[in-house]
Each structure stands twice: as C-alpha cells, then as structure tokens.
Amino acid sequence: MKVTWLTQAGFLFKNSRLQVLVDPYLADTMGEINPKKARKIPVDESFFDIKPDLILITHDHVDHCNEETLKKFLSASEKTITILASESAYKHLLPLTEDHNLVLLAPHTVWSEGGITFYSVHAEHSDRSAVGFILDDGKKTYYVSGDTLYNYDVIDDVLDLVEDGVDYAFLPINGRGNNMNAKDAADFAYEIGAKNAIPTHYGLIDSIDPESFDFEDKIILTPYEEVEL
C-alpha cells in the first residue's frame, strides 16, 4: 500500500485498484478563524489533481471534515465517490454529496470496496460519534485512530479485529483537543500490539517534535511524500 501524509490527520492510501482519502485538510480554515492557528506547512495544490474513489471522514471537526477541501474533490469528480462518514460528518455532508454515495459510518460498521475492507471502531473524542478504522487490503492492516484519547474500549475494539496487532497504527500525538499526547499514544501503540506506529496530528498548527513519540518501531512521515508501507 502506498501512503502519503497530507499533514494534520489527512492521508492518501493508494493501491492499483483504489485511491482513498482520509480526513483531507488542504485549506487554512482554522487560520481564517484564528490567525494563531494558521498553517505552518503550505498546502500542496497538486493534491487537488487526485481522483479519489473513496473518502473517509472520521468526525466533524474543521481539520477533518473540511468543506472547502471536500467541495474541490467532489465537484471535480466525473465519477461517483463513496464517502464513509461518522454520524456528525454524515449530517454535515448531506447537502454537499447528492451526486455521490454518502454512507454513515458508525462504530463496528464494515464496508468493502476495491479489494479493501474497512472496519470502523470507536474513538474517544469530544465529537461523540467520532470513529477510527482499520483498513485491510488482504496483506496488511492499517489502523487510523482518528482523534482519540487512550481508552480501553477503543483498545478492545482494535484487538477484537486484529488479535495479533495491526501492522501500522496512525495515532495523534498533539495532546490537545481531546487527543492523546505522545506518551499516551506510545503506550496505546504497545497496548494494541502495533508492529509499526506513525505519529500524526502535529506540526501543522503547533511545534510538537515527533521524536517525542517514544515507540521503538515508529515511522516519521514527511508531508506530501509517498511511501510504501
């Protein structure tokens, strides 16, 4: 699976059959609301040339469910895009997605497309309908927690699906806005038996050092750089 970090909690997962966008935030909406939260990493406009087959939105916060970003992908697409969205994001996106396939993604929902299976799991966040998910391409498993705190129910959800641990866990480390800090995220990664862990949700509007994520088999991604995982 080829993976590109789009800053904050945004990702592009890509194989030969499917392009999946997760929580893309290619705007500066927070900076417009509060200049102190303006982007520190510029937007790579070339990513608006991507033609996603599926978009997954974990919850309805502006840096995850971003209208400005999503409108560009949805309006430019000549094909029907599947949009998997948490309950709050689903309600938000209903008026924008009449030409596409909007699916409500509650915890424990399963969706299969293009040879990939998506398993949604609980997330412990201020948006009470927030979800994380496990992406299974038949070869490896990729757990994207979305915004979440360290929580036993979340851990149990993941281990119920992947008893031997996920191959790659993508976890927030900013420690604000009801997210895990770097210490809790590392403990969480060990608890779910992650073989590799990738810190996310940092560096865009803060100065958190990803090296503070003290997990032995961590992978620090470079924004907009595609890697094979």
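How many bridges join β5 to strand β6, and in which sense do the two run? In this predicted model, four bridges join β5 to β6 (residues 101–104), and the two strands run parallel. Within this pair, Thr 82 stands opposite Asn 101 in β6. Between the two strands the chain passes through α3, and this β-α-β crossover from β5 to β6 is right-handed.

β5 also pairs with β4, again in the parallel sense and over four bridges. Here Ile 55 stands opposite Ile 83 in β5. The connection from β4 to β5 runs through α2, and this β-α-β crossover is right-handed.

The side chains of β5 can be read against a simple rule. In a regular strand, side chains alternate between the two faces of the sheet. In β5, Thr 82 and Leu 84 lie on one side, while Ile 83 and Ala 85 lie on the other. These four residues are all buried, so both faces of β5 are covered, where buried means under 20% relative accessible area.

Helix α2 (residues 67–76) has buried residues of its own: Thr 69, Leu 70, Phe 73 and Leu 74. Viewed down the axis of α2, the buried residues fall within an arc of 120°, and they therefore line one face of the helix. Their cover includes the strands β3 (19–22), β4 (54–57) and β5 (82–85), together with helix α3 (87–93).

Further along the chain there is an open sheet of six strands. Its order is β7-β8-β9-β10-β11-β12, and the pairing is mixed. The edges are formed by β7 (110–113) and β12 (196–200); each has a single partner strand, so one side of each is left without a neighbour in the sheet. On average, and with direction ignored, neighbouring strands of this sheet are turned by 20° against each other.

At the β12 edge, five bridges join this strand to β11 (residues 168–172), and the two run parallel. Ala 169 stands opposite Ala 197 in β12.

Two helices pack on this sheet. Helix α4 (residues 152–161) touches β8 (116–122), β9 (131–136) and β10 (141–144), and its direction makes about 155° with that of β8. Helix α5 (residues 182–191) touches β10, β11 and β12, and its direction makes about 155° with that of β11. Strand β10 is thus touched by α4 and also by α5.

Conventions:
Residues are numbered from 1 along each chain as its sequence is written. This is a predicted model: local features need pLDDT of at least 70, side-chain atom pairs count only at pLDDT 80 or more; totals for chains, interfaces and linings use all residues. Side-chain values use heavy atoms; hydrogens and water are left out. Two strands pair if DSSP finds at least two bridges between them. Axes are lines fitted to C-alpha atoms, for helices over the stretch in contact, and angles run from 0 to 180 degrees between N-to-C directions. Contact means heavy atoms within 4.5 Å. Buried means under 20% relative accessible area, exposed over 50%, partly exposed in between (1.4 Å probe, protein chains only). The arc is that of the directions from the helix axis to the C-beta atoms. A crossover is right-handed if, with the strands pointing away from the viewer, the path from the first strand over the helix to the second runs clockwise.
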